[in-house]
Amino acid sequence: MNDRDVLDPSALDRIDLADPALHHAHDLREVWRHLRDEAPVYRHERAGGEGFWVITRYDDVAAVYKDGETFTSERGNVLDTLLSGGDSAAGRMLAVTDGPRHAALRAVLGKPFSPRSLEVVVDSVRRGTQQLLREAVERGSCDFAADVAAHIPLAAICDLLGVPPADRQHIIDLTSTALSSADAPATPEATWASRNDLLLYFSELAESRRAKPYDDVVSLLVTKEVDGRPLSHEEIIFNCYSIIMGGHETTRFAMIGGVEALVEHPEQWEALRGGDKVSAAAVDEVLRWTTPALHSGRTATEDVFLGGEFIEAGDVVTVWNASANRDERVFSDPGRFDLARTPNKHLTFAYGPHFCIGAYLARAEIGALLEGLRTMVAEIEFTGPRRRIFSNFLSGLSTAPVKLTPAPGFGG
């Protein structure tokens, strides 16, 4: 079941791709297909607002991701900040830093996210996921979004950052409103308040770690030097914000969307249940299919030709993962959800210098969820309406009421 209207490409000149309500109400698959075929590098003009370039083919998206000199992230990497004057964290937060500074900062932040460093965290993720699913199956019904998916990635990221368990519901509430809204398009004031409260929280946590360091990422940031100098307080809190947002929201929506896909494609649910284990291919197909981060943004640093179009220095350039991951030039039958799909070089984690540092952890979390569903659940069915978020950056469901039928032998 598709809960949104499939928008006809003829509406392209009348819509605003920066409007969160558009993505809430409409499925843009045909718009993306049209752009890939007819205008893969498209100048999107907006009534009363700044226009921007829309890049939709896989190869062009990957090329922009790879070329940080020509297409910089240092003025912002999402539409909301790019269209409102830039990102205040530019040059200080990993996601909006390029060049040597980005490489040096990534070398520090990447270490806690290496497979070896994450062994204990991943073990905890598997145990925690099993417990959450067991409790949900025992209840019989739940809101999968709030009761299960919200807690799995958050627990892992909070463990890494050293966020106390008592504060985690507060963090869920803030992250859920910093980049999207469940009920209506968020006001700039509400979004700003959530982001500011997150920054304030990590400012206070960083101060406490300066006084008494622990074995966590915040303590690493307050004690580590990058390029021969300590990180500033602002650099520390901006990067904590980036980690919590990147590590929680996107994985949460991939998990919820993965369950939705399994319900809507029962043959794939049966294939998952009938296997001996969850394959890496299954995890990557969930990531490709859901593509929780719709786009990423850049700014052209110089005049450049791309796809036969002339992009001027200073132009905002957006690459649409949601389109690239369905590009027929790269993926065979991309409109089919196939847990055995291989190869599957999706761009859900971006590409090049800004490839997601949390990719290994996200894959482990989704794999733990699929394994738990495979072993504990016989049937999943929706019991009420699903609600889709309002966002031009994130894609997913804010509510997903389900009934979970126990698998034979559950609890034995």
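Visitor: What makes strand 13 and strand 16 a pair?
Guide: Bridges. DSSP must find at least two bridges between two strands before they count as paired. Strand 13 and strand 16 have 5, in the antiparallel sense. So they pass that test. One of the matches sets Ile-380 against Leu-404 in strand 16.

Visitor: What sort of model is this, and how are its parts counted?
Guide: It is a predicted model, where local features need pLDDT of at least 70, side-chain atom pairs count only at pLDDT 80 or more, and totals for chains, interfaces and linings use all residues. Residues are numbered from 1 along each chain as its sequence is written, and side-chain values use heavy atoms, with hydrogens and water left out. Strands (E, at least two residues) and helices (H or I, at least four) are DSSP runs, numbered from the N terminus.

Visitor: How do you know that strand 6 pairs with strand 16?
Guide: By the bridge count again. Strand 6 and strand 16 (residues 401–406) share 3 bridges and run in the antiparallel sense. Ser-141 stands opposite Lys-403, and Asp-143 has Pro-401 as its bridge partner.

Visitor: Why are strand 6 and strand 13 said to stand at the edges?
Guide: Look at the order. The open sheet has 3 strands, arranged 6-16-13, with antiparallel pairing. Strand 6 (141–143) and strand 13 (377–382) each have a single partner strand, so each keeps one side without a neighbour in the sheet. From one strand to the next, the twist averages 30°. Helix 6 (residues 119–139) packs on this sheet and touches strand 6, strand 13 and strand 16. Its direction makes about 125° with that of strand 6. Touching means heavy atoms within 4.5 Å.

Visitor: What makes helix 12 and helix 16 roughly parallel?
Guide: Their angle. Helix 12 (residues 233–264) and helix 16 pack at about 30°, with axes 10 Å apart. Axes are lines fitted to C-alpha atoms, for helices over the stretch in contact, and angles between N-to-C directions run from 0 to 180 degrees. Under 35 degrees counts as roughly parallel, over 145 as roughly antiparallel, 65 to 115 as roughly perpendicular, and the rest as oblique. About 30° falls in the first class, so helix 12 is roughly parallel to helix 16.

Visitor: Is the crossing of helix 12 and helix 16 left-handed or right-handed?
Guide: Right-handed. That label is given when the near helix is turned clockwise from the far one by less than a right angle; an anticlockwise turn would be left-handed.

Visitor: Which residues make that contact?
Guide: Helix 12 brings Gly-247, Thr-251, Ala-254, Met-255, Val-259 and Leu-262. Helix 16 brings Ala-362, Glu-365, Ile-366, Leu-369, Leu-370 and Leu-373. They divide into 9 nonpolar, 2 polar and 1 charged. Nonpolar covers Ala, Val, Leu, Ile, Met, Phe, Trp, Tyr, Cys and Pro; charged covers Asp, Glu, Lys and Arg; the others, Gly among them, are polar.

Visitor: Why is helix 14 called roughly perpendicular to helix 16?
Guide: The axes of helix 14 (residues 280–290) and helix 16 (residues 359–376) cross at roughly 110° and come within 9 Å. That angle lies in the perpendicular range, so the label fits. Ala-282, Val-283, Asp-284, Val-286 and Leu-287 meet Arg-363, Ile-366, Gly-367 and Leu-370. This contact has 6 nonpolar, 1 polar and 2 charged residues.

Visitor: What makes Asp-37 and Arg-329 a salt bridge?
Guide: Distance. A salt bridge needs a side-chain nitrogen of Lys or Arg within 4 Å of a carboxyl oxygen of Asp or Glu. Here the closest N and O atoms are 2.8 Å apart. So the pair qualifies. Asp-37 lies in helix 2 (residues 29–38) and Arg-329 in the loop between helix 15 (321–324) and helix 16, so parts 292 residues apart in sequence are tied together. The whole structure has 26 salt bridges.

Visitor: Is the peptide bond from Thr-342 to Pro-343 cis or trans?
Guide: Cis, with omega near -5°. Pro-343 sits in the loop between helix 15 and helix 16.

Visitor: What is the phi of Asp-227?
Guide: Near 55°, a positive value in a residue other than glycine. Most residues of that kind have a negative phi, and most peptide bonds are trans. Asp-227 is in the loop between strand 7 (225–226) and strand 8 (229–230).
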